[in-house]
Amino acid sequence: MIAYLGPPPTEFLRRSKEYSEYFDKDGNWDGFIAIPQNLSLEDSEENLKGKNKELFLQFMRSMLRWVPEERKTAKELLEDPWLNTLVET
C-alpha cells in the first residue's frame, strides 16, 4: 500500500502499538521487505480509458486512505460519480 499511497501519516502510525517494528520514529519504512518503486494506481489500471478511468481512480482513492476517518462511507461510495455516471467507452 505504501507503494501506491505513499507513506502513512506519522499520527496514524502512532495509533498502533507495533508501528516501531516497521517504521522509524520519523515514519519512514524500516521493515525487512523492500517497498516496490514506480507503482501507481494510474499505471495499474489497464482496462479503463479517459473519463471513465479518471472517475474510477477518484473512486478508488476515496476508499484507499490511510486514516479511516478520511475514507468515504458506504453510503457516500454508493453516490460516487463513477458508479452513477454513464461514460462512453
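## A guided tour, starting at a salt bridge

Begin by selecting Glu42 and Arg61, whose side chains meet in a salt bridge with a nitrogen-to-oxygen distance of 2.3 Å. Colour the two helices around this pair as well: Glu42 lies in helix H3 and Arg61 in helix H4, so the salt bridge ties together parts of the chain that are 19 residues apart in sequence. Keep in mind throughout the tour that this is a predicted model.

Switch on a surface, and look at how far each partner is covered. Glu42 counts as partly exposed, at 33% relative accessibility, and Arg61 is likewise partly exposed, with a relative accessible area of 33%.

**Staying with Arg61**

Which residues does Arg61 touch, once those up to four places away in sequence are set aside? They are Leu41 and Glu42, so that the partner in the salt bridge is also one of the residues listed as touching Arg61. Now add Lys51 to the selection and draw a line between the two C-alpha atoms: Arg61 and Lys51 are 10 residues apart in sequence, and the line between them spans 15 Å.

**Next: Glu69 and Arg15**

The structure holds 7 salt bridges, and another of them to select is the one in which the side chains of Glu69 and Arg15 meet, at 2.9 Å from N to O. This pair links distant parts of the chain, 54 residues apart, with Glu69 in the loop between helix H4 (50-63) and helix H5 (74-78) and Arg15 in the loop between helix H2 (10-13) and helix H3 (41-44). Is Glu69 buried or exposed? With a relative accessible area of 57%, Glu69 is exposed.

**Then: Asp80 and Lys72**

Move the selection to Asp80 and Lys72, whose side chains meet in a salt bridge of 3.1 Å, again taken from N to O. With the surface still shown, compare the two partners: Asp80 counts as buried at 4% relative accessibility, whereas Lys72, at 32%, counts as partly exposed.

**A loop residue: Asn38**

Go back along the chain to Asn38, which is found in the loop between H2 and H3. The backbone is what to look at here, for the phi angle of Asn38 is near 60°, a positive value in a residue other than glycine. Asn38 counts as exposed, at 76% relative accessibility. Select Ala3 together with Asn38, and you will find that their C-alpha atoms are separated by 7.6 Å, although the two residues are 35 residues apart along the chain.

**A glycine in another loop: Gly6**

From Ala3, step along to Gly6, which lies in the loop between helix H1 (2-5) and H2. Is Gly6 buried or exposed? At 19% relative accessibility Gly6 counts as buried, because the cut-off for that class is under 20% relative accessible area. Leaving out residues up to four places away in sequence, Gly6 touches Met1 and Trp66. Select Trp66 and draw the line between C-alpha atoms: Gly6 and Trp66 are 60 residues apart in sequence, yet they are 9.5 Å apart in space.

**Zooming out**

Now clear the selection and show the whole protein as a cartoon. How many helices and strands make up its secondary structure? There are 6 helices and 0 strands, and read along the sequence they follow the pattern α-α-α-α-α-α.

Turn the model slowly to judge its outline. Its C-alpha atoms fill a box of roughly 45 × 30 × 15 Å, taken along the principal axes. The radius of gyration of the protein is 16 Å, whereas a compact globule of 89 residues would have one near 12 Å.

Colouring by accessibility gives a view of the covering: of the 89 residues, 24% count as buried. The protein exposes about 6,900 Å², and carbon and sulfur atoms supply 54% of that area.

If you display contacts, consider those with a separation of 6 or more, of which residues 24 or more positions apart account for 47%. The pair of Gly6 and Trp66, which touch and are 60 residues apart in sequence, can serve as an illustration.

Finish by colouring the charged residues. The protein has 12 positive and 17 negative charges, and the mean positions of the two sets are 3 Å apart. With these colours on, return to the salt bridge where the tour began, between Glu42 and Arg61, and from there visit the pairs Glu69 and Arg15 and Asp80 and Lys72 once more.

Methods:
Residues are numbered from 1 along each chain as its sequence is written. This is a predicted model: local features need pLDDT of at least 70, side-chain atom pairs count only at pLDDT 80 or more; totals for chains, interfaces and linings use all residues. Side-chain values use heavy atoms; hydrogens and water are left out. A salt bridge is a side-chain nitrogen of Lys or Arg within 4 Å of a carboxyl oxygen of Asp or Glu. Helices (H or I, at least four residues) and strands (E, at least two) are DSSP runs, numbered from the N terminus. Buried means under 20% relative accessible area, exposed over 50%, partly exposed in between (1.4 Å probe, protein chains only). The radius of gyration is taken over C-alpha atoms; the globule rule is 2.2 Å times the number of residues to the power 0.38. Contact means heavy atoms within 4.5 Å. Accessible areas come from the Shrake-Rupley method with a 1.4 Å probe; for residues, only the protein chains shown count as cover. Lys and Arg count as positive and Asp and Glu as negative; His and the chain ends are not counted. The place of a charge is taken as NZ of Lys, CZ of Arg, CG of Asp or CD of Glu.
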